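Dear colleague,

I am handing over the structure we spoke about, and below it you will find a short account of what was found. Please keep the model open while you read, so that you can look up each residue as it comes.

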Amino acid sequence: MAKQSKFNMKQVEKKAHIALQNCIVEAGNTAKNFFVESFRKQGWDDRSVTKWKSRKRTTYRTKKGKIVDDTTRAILVKSGDLRRSIIRHNANRAAMSIKITSDLKYSKIHNEGGYGKAWGKYRFKMPQRKFMGESFNLNEKVKQVIIKRLNKVFE
């Protein structure tokens, strides 16, 4: 006689909830890496990569007076501070969320574009060079993280 097994929905629900809580950190890491990758791609990846507008100045003078060719340097990368400022905060497992931020003052104007003041004097218009935010391709990557975790529940 065949042995019957019972399907315990409460147990599956509990395992699925735990799996989702555990994938929050992995999804956060995926998002952080996706945002950092924008600097390598030199553009924002939504459904396809939209390249950032190039800089106006092609040369600049260093503090020591040396003139430097700025055409070989990646856009938004001079010191690497902006790229390194992207932080994955601790997961809020109760709210099932995780926050990715940049704490630099100038990150918002680079990401969103707009008007700003240089050295408190000169008003300038910064083109948008988005490196963080909503993205179709990021959502697809996060979906894959979630699906992988939930599939393990039913193995």
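**Pockets, a buried glutamine and a core**

The residues that line the largest pocket divide into 13 nonpolar, five polar and 12 charged. Please bear in mind throughout that this is a predicted model.

The largest pocket has a volume of about 1300 Å³, and 30 residues form its lining, with Arg55, His110, Phe124, Met126 and Arg129 lying nearest its centre. If you want to trace this lining along the chain, look at helix H2 (81-84), helix H3 (107-112), strand E7 (114-118) and strand E8 (122-126), each of which supplies at least two of the lining residues. The largest share comes from E8, which contributes four residues.

The second largest pocket holds about 340 Å³ of space. It is lined by 18 residues, and those closest to its centre are Ala31, Ile98, Ile100, Leu138 and Val142. Two elements, helix H1 (9-41) and helix H4 (136-153), give two or more residues to this second lining, and H1 gives the most, with seven residues. Sorted by class, the lining of the second largest pocket has 12 nonpolar residues, five polar residues and one charged residue.

Helix H1 also turns up in the next part, which concerns the packing of side chains. The largest nonpolar core has 15 residues, and the ones with the most contacts inside this core are Phe35, Phe39, Leu76, Ile86 and Phe131. H1 gives the most to this core, with four residues. Phe39 is a good place to begin looking: when residues up to four places away in sequence are not counted, Phe39 touches Trp52, Leu76, Val77, Leu82, Arg83, Ile86 and Phe131.

Then there is Gln42, which is found in the loop between H1 and strand E1 (43-45). Is Gln42 buried or exposed? Its relative accessibility is 15%, and because a residue counts as buried when this value is under 20%, Gln42 is classed as buried. Leaving aside the neighbours within four places in sequence, Gln42 is in contact with Lys51, Trp52, Ala74 and Ile75. Trp52 is therefore worth finding in the model, as Trp52 is among the residues in contact with Gln42 and is also one of those that Phe39 touches.

With best wishes

Key
Residues numbered from 1 in each chain as written. Predicted model: local features only at pLDDT ≥ 70, side-chain atom pairs only at ≥ 80, totals over all residues. Heavy atoms only, no water. 1 Å grid on protein atoms, 1.4 Å probe; cavity = no way out; pocket = protein on both sides within 12 Å on 5 of 7 lines; lining within 4 Å. Points joined across faces, edges and corners; volume = space filled by probe spheres on them. Nonpolar A, V, L, I, M, F, W, Y, C, P; charged D, E, K, R; others polar. Buried < 20%, exposed > 50% of the residue type's maximum accessible area, 1.4 Å probe, protein only. Contact = heavy atoms within 4.5 Å. Core = buried A, V, L, I, M, F, W, Y, C linked by side-chain atoms within 4.5 Å.
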